[in-house]
Amino acid sequence: MPRHHQRGSSASGGSQRQLRVAETVRHAVADILGQGHVHDPDLEGHIITVPEVRMSPDLKLATIYIMPLGGQDTDVVLAALERNKKFLRGELAHRVNLKFAPDIRFRVDERFDEAERIEKLLRTPAVQRDLNSDSEES
């Protein structure tokens, strides 16, 4: 009986190979940025975190999520990384052992903003009142 479903790609965020390659690419990009190999005045003085990389199923596209330290100048940093995309892709090709160097695209990681929004919601008086009433009933 033939299998018609993709194994492990829906709930876990990709196949084992996708996840392994994504983590290798993440380390390589973080290393390149951390060592200051990209010479761009807009990147100087910024510490950039690379919390996640997602690979396409064919491993030909890497979506690299970045966040400048403190969440400041995200648009400036994103534009600088886009300008230096060709250099970064070449560096990745040297550091990551793949048949093809993946195309790369950069996105700002929104998870920090989302976590802060949830934290603020949890501190609102209405939520605190509900939490207190639930604990009194127990």
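Select aspartate 40 to begin the tour: at 5% relative accessibility this residue counts as buried, where buried means under 20% relative accessible area, exposed means over 50%, and partly exposed lies in between (1.4 Å probe, protein chains only). Aspartate 40 sits in the loop between helix H1 (16-34) and S1; helices (H or I, at least four residues) and strands (E, at least two) are DSSP runs, numbered from the N terminus. What you have open is a predicted model, in which local features need pLDDT of at least 70 and side-chain atom pairs count only at pLDDT 80 or more, while totals for chains, interfaces and linings use all residues. Residues are numbered from 1 along each chain as its sequence is written, and side-chain values use heavy atoms, with hydrogens and water left out.

**Around aspartate 40 and aspartate 42**

Which residues are in contact with aspartate 40, leaving aside its neighbours within four places in sequence? They are Ala80, Arg83 and Asn84, contact being defined as heavy atoms within 4.5 Å. Now add aspartate 42 to the selection, and you will find that its backbone nitrogen lies 2.8 Å from a polar atom of the side chain of aspartate 40.

Aspartate 42 also belongs to the loop between H1 and S1, but it is partly exposed, with a relative accessible area of 29%. When residues up to four places away in sequence are not counted, aspartate 42 touches Val76, Ala80 and Arg83. Show the side chain of arginine 83 as well, since the side chain of aspartate 42 makes a polar contact with it at 2.8 Å. A polar contact is a pair of N or O atoms within 3.5 Å; within protein, one must be able to donate a hydrogen and the other to accept it, and residues adjacent in sequence count only if both atoms are side-chain atoms. For a distance to try in the viewer, take aspartate 42 and leucine 81, which are 39 residues apart in sequence and 9.1 Å apart in space, C-alpha to C-alpha.

**The sheet**

Next, select the strands, of which 3 form an open sheet in the order S1-S2-S3 with mixed pairing; two strands pair if DSSP finds at least two bridges between them. Strand S1 (48-55) and strand S3 (103-108) are the edge strands, each pairing on one side only. In general, strands of a sheet pair through backbone hydrogen bonds, either parallel or antiparallel.

In which sense do S1 and S2 pair, parallel or antiparallel? Their pairing is antiparallel, over 6 bridges, and isoleucine 48 stands opposite proline 68 in S2. Strand S2 (residues 61-68) pairs with S3 in the parallel sense, over 6 bridges. Two pairs to pick out here are isoleucine 66 with its bridge partner valine 108 in S3, and tyrosine 65 with its bridge partner arginine 107 in S3. Colour S2 by burial, and the strand is largely enclosed by the rest of the structure, because 7 of its 8 residues are buried.

**The turn from S1 to S2**

Move to serine 56, which lies in the loop between S1 and S2 and counts as buried at 16% relative accessibility. A polar contact of 2.5 Å joins its side chain to that of aspartate 58, and a polar atom of the serine 56 side chain is 3.3 Å from the backbone nitrogen of lysine 60. Leaving aside neighbours within four places in sequence, serine 56 is in contact with Gln18 and Leu61. Stay in this hairpin, which has 5 residues between the strands, and select leucine 59, which takes a positive phi near 65°.

**The whole chain**

Finally, zoom out to the full chain, whose secondary structure comes to 5 helices and 3 strands, following the pattern α-β-β-α-α-β-α-α along the sequence. Of its 138 residues, 29% count as buried. Among the contacts with a separation of 6 or more, 61% are accounted for by residues 24 or more positions apart.

How far the picture can be trusted is expressed by pLDDT, the predictor's confidence in each residue, from 0 to 100. The chain averages a pLDDT of 83, and 87% of the residues score at least 70. Select residues 1-11 last: pLDDT stays under 50 there, and the model has 5 contacts beyond four places in sequence for this stretch. Where pLDDT is low, the predicted coordinates should not be read in detail.
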